[in-house]
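Trainee: I'd like a close look at one part of this protein, with the reasoning spelled out as you go. Please start with a single side chain and work outwards from there.

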Amino acid sequence: MDKFLSHKRTFDDNKASTSAQTSIVPKIKSRKYSQEYLNFGFTITEVNGEEKPLCVICSKILAADNMKPNKLKRHFETLHARCKKPHTIAEELILPAAIEIVETMFGGNFAKELQSIPLSNDTVSRRIDDIAEDVEQQLFGKLRDKLFSIQLDEATDSNKDAHFIAYVRFWDASYEWVRDPFQNTPEGFSTTEEESFIDFTSSGEIKRQFCNKTLFQFWAEVDDEFFELKTKAFRILLPFSTSYLCETGFSAVAALKTKYRSQLNIEKELRVSISNIKPSFENLCSARQAHGSH
């Protein structure tokens, strides 16, 4: 009996040890929050001991693996930037909300100053026209004397009006880092992306591969350690690999031209809402003088 009990205890101990070993789960590496994420409208919150990005605009909490600049930027641009709302939203919602906030925080005298901001329907419409014209002129300037690829698509909206959208891609000076990352510095990178780029270009092995391979082969074989950098390069190198841009454009058409705005000419609104070209706001502001609302 003692021998049986001793054997049973040994068996239980081994089982417990095995169970303890199998319950060990490797710790998943997660990204830490960076202050630069505020540029995309995100702060941080903690859920069950885990840090997660929190959108300050819509209060939505994203999964922890979304703690990446490209994913946060996509959320902001898709849901909040250039939202294709009616022009009256500025005067009817944004301005009253801003006045109430300023009055609560700083007093009535400061709130009165906001009332002079021109945000009528016609004013907003004119500003959109100005921005669309500026974007178009910038595009013409960029395409002049350059090779470019083009993607075309057409469709009809709910009002049976036909729409024709053209997308162009061209080689810009800001893309030179893709052609030779060891001689050119990228523009518009976040702090995290700049650090990754420095690590990338500091590798002697990567530089040796760059010298011995074609440009496409080099970027295709970049290690997953630099996946985000590799993805950025391929978005520049591969012109229109899918119809995603066209689908995005016609989604914007549906959002702009609702049944309540079926007669709206959306050409300029559409250009502003889907173009990647940043308007020259400094030049636009210097060419216009604000007039108080009447």
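Mentor: Arg127 is a good place to start: in this predicted model, its relative accessibility is 31%. Partly exposed covers the range between under 20% and over 50%, so Arg127 counts as partly exposed. Its partner is Asp130, and the two form a salt bridge in which the closest N and O atoms are 3.9 Å apart. The cut-off for a salt bridge is 4 Å, so the pair qualifies at 3.9 Å. Why do these two side chains sit about one helical turn apart? Arg127 and Asp130 are 3 residues apart in helix 5, which covers residues 121-143, and that spacing explains the separation of about one turn. As for Asp130, a relative accessible area of 17% makes this residue buried, since buried means under 20%. The bridge therefore pairs a partly exposed arginine with a buried aspartate.

Let's stay with helix 5 and move along to Glu136. Here the side chain meets that of Arg271 in a salt bridge, at 3.5 Å from N to O. Glu136 belongs to helix 5 and Arg271 to helix 12 (residues 267-274), so this bridge ties together parts that lie 135 residues apart in sequence. That is quite a contrast with the Arg127 and Asp130 pair, where the partners are 3 residues apart within helix 5.

The packing of the two helices gives this bridge its setting. The axes of helix 5 and helix 12 come within 9 Å and cross at roughly 65°, and the crossing is left-handed. On the helix 5 side, the residues that meet helix 12 are Ile128, Asp129, Ile131, Ala132, Val135 and Glu136. Lys268, Glu269, Arg271 and Val272 meet them from helix 12. So the bridged residues Glu136 and Arg271, placed in helix 5 and helix 12, are also listed among the residues where the helices meet.

Glu269 is worth a stop of its own. This residue is found in helix 12, and a relative accessible area of 9% makes Glu269 buried. Beyond neighbours within four places in sequence, Glu269 is in contact with His87, Ile128 and Leu256. Of these contacts, Ile128 is one of the helix 5 residues that meet helix 12.

For comparison, look at a pair in another helix. Arg179 and Glu176 form a salt bridge with their closest N and O atoms 3.1 Å apart. They lie in helix 6 (residues 176-179), 3 residues apart, which is about one turn. Arg179 is partly exposed at 43% relative accessibility, and Glu176 is partly exposed too, with a relative accessible area of 24%. Returning to our main site, salt bridges with shared partners join Glu136, Glu267 and Arg271 into one network. The search of the whole structure finds 8 salt bridges.

Another buried side chain to look at is His163, which has its place in strand 4 (residues 162-170). At 14% relative accessibility, His163 counts as buried. Setting aside neighbours within four places in sequence, His163 is in contact with Asp153, Glu154, Ala155, Asp157, Phe250, Val253, Lys257 and Ile266.

The surface offers the opposite case. Ile101, Met105, Phe106 and Phe110 make a nonpolar patch of about 480 Å². Helix 3 (residues 89-106) supplies the largest share of the patch, 3 residues. Phe110 has its place in helix 4 (residues 108-114), and at 52% relative accessibility Phe110 counts as exposed.

One backbone detail also deserves your attention. Most residues other than glycine have a negative phi. Asn48, however, has a positive phi near 55°. Asn48 sits in the loop between strand 1 (42-47) and strand 2 (50-55), and is exposed, with a relative accessible area of 80%.

Finally, step back to the whole chain. The protein chain has 13 helices and 4 strands, and 27% of its 294 residues are buried. Among contacts between residues at least 6 apart in sequence, 53% join residues at least 24 apart; the Glu136 and Arg271 bridge, for its part, spans 135 residues. The chain exposes about 20500 Å², with carbon and sulfur atoms supplying 53% of that area.

Methods:
Residues numbered from 1 in each chain as written. Predicted model: local features only at pLDDT ≥ 70, side-chain atom pairs only at ≥ 80, totals over all residues. Heavy atoms only, no water. Buried < 20%, exposed > 50% of the residue type's maximum accessible area, 1.4 Å probe, protein only. Patch = residues over 30% accessible without salt bridge, like charges linked within 9 Å, V, L, I, M, F, W, Y side chains within 5 Å. Areas by Shrake-Rupley, 256 points an atom, 1.4 Å probe, with all protein chains shown as cover. Axes fitted to C-alpha atoms, helices over the stretch in contact; angles between N-to-C directions. Left-handed = near helix turned anticlockwise from the far one by under 90°. Contact = heavy atoms within 4.5 Å.
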